[in-house]
Amino acid sequence: MRAMVLEQPGRPLELRQVPRPRPGPTEVVVRVLACAVCRTDLHVVDGELPHPKLPLIPGHEIVGEVVETGERVTGLEPGRRVGIPWLARTCGNCPYCCSGRENLCDEARFTGYTVDGGYAEYACADARYCFPLSPDLDPVKSAPLLCAGLIGYRCLRKAGPARNLGLYGFGAAAHLVAQIARHEGRSVFAFTRPGDTAAQALALRLGAVWAGSSDESPPEPLDAAIVFAPVGALVPRALRAVRKGGIVVCGGIHMSDIPSFPYRDLWEERSLCSVANLTRRDGEEFFRLVAQCPLQVETTVLPLAAANEALDRLRSGRLVGAAVLVP
């Protein structure tokens with residue numbers, strides 16, 4: 001099969017022929033129908049996340065069709081449509097796993113980082129961590145839901161019942177979260193990199209009440225803010241934008257250093273937290289919500305061989321919505 005392979009962080013991916021995977025006892029092999037390109041892929045390829053599996057096939061927003069199953073797999077027969085997310089497997093026995101926090105498991109493995117992912121014609125995954133998907137869903141439109149949607153959903157729940165919600169960085173995750181927030185009756189304020197009028201226009205089209213530059217102040221105080229852009233300097237700005245008792249949620253797996261800021265920006269019971277990975281329960285809740293609130297997913301479709309181009313466009317901020325690779 002063909003796959004885009006990372007031999008060394010900091011170097012471009014190489015398109016090559018590799019053996020098609022074979023499933024273990026609890027695994028399925030899927031024919032990849034679409035794999036979205038996530039900023040986390042960029043952090044892995046650029047070497048900002050340490051100790052990836054090498055050589056590595058990146059990609060963790062996978063929609064595929066089951067073609068082969070291990071002998072202990074039940075409920076996912078060949079021909080079934082599934083989604084493969086970032087969380088590849090956990091130990092199932094540690095205090096985190098036993099308390100509904102499997103996203104924090106010390107033994108967790110991650111698709112496209114510590115196990116091979118979906119920048120390929122076929123992918124292998126633990127069936128227990130896959131999400132069954134309706135065959136009626138468009139694979140291209142569904143692929144970004146497997147991380148941008150899921151992590152965005154977890155961030156939104158961490159933000160609590162905020163009426164005025166700020167989203168810093170209006171890309172793949174934020175453009176989905178904005179629609180869920182509007183469905184729940186919230187007011188969305190979108191912050192983009194200065195001069196990104198395309199992202200601002202998209203935010204307004206998706207129902208944001210205001211869209212502007214990340215160096216601007218919102219027209220009214222926020223109850224909560226989610227920082228999706230991997231820019232540490234945005235954290236103090238977001239804290240200054242939320243009202244007393246507000247919360248700032250950092251949604252990225254990697255971020256540049258947060259600069260020092262005066263204590264008064266945090267004072268008056270403002271809170272700052274991060275979101276790490278996802279749980280299977282997040283996925284179950286999210287896909288039930290999607291069935292009630294169909295999402296408009298903005299995508300740019302590229303062939304598998306153009307993975308480096310997709311990453312370059314993401315790196316330079318030349319994408320609106322999400323890039324999706326189609327083998």
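**Salt bridges between strands and loop**

In this predicted model, Glu 65 and Arg 31 form a salt bridge, with their closest N and O atoms 3.6 Å apart. Glu 65 belongs to strand S4 and Arg 31 to strand S3, so the pair ties together parts that are 34 residues apart in sequence. Both partners keep some contact with the surroundings: Glu 65 counts as partly exposed at 26% relative accessibility, and Arg 31 is likewise partly exposed, at 34%.

Salt bridges that share partners also occur, and one such network joins Glu 7, Glu 14 and Arg 16.

Strand S4 offers a further acidic residue worth a look, Glu 68. Arg 20 forms a salt bridge with Glu 68, the closest N and O atoms lying 3.6 Å apart. Because Arg 20 sits in the loop between strand S2 (14-17) and strand S3 (27-37), while Glu 68 is part of strand S4 (residues 61-69), this pair links parts that are 48 residues apart in sequence. Glu 68 is also met by the side chain of Arg 22 in a salt bridge of 3.3 Å, N to O. Arg 22 lies in the loop between S2 and S3 as well, so its pairing with Glu 68 in strand S4 ties together parts 46 residues apart in sequence.

The accessibilities around Glu 68 are as follows. Glu 68 itself has a relative accessible area of 19% and is buried, as the cut-off for that class is under 20%. Arg 20 counts as partly exposed at 38%, whereas Arg 22 reaches 65% and counts as exposed. For the model as a whole, the count comes to 21 salt bridges.

Notes. Residues numbered from 1 in each chain as written. Predicted model: local features only at pLDDT ≥ 70, side-chain atom pairs only at ≥ 80, totals over all residues. Heavy atoms only, no water. Salt bridge = Lys/Arg side-chain N within 4 Å of Asp/Glu carboxyl O. Helix = DSSP H or I, 4+ residues; strand = E, 2+ residues; numbered from the N terminus. Buried < 20%, exposed > 50% of the residue type's maximum accessible area, 1.4 Å probe, protein only.
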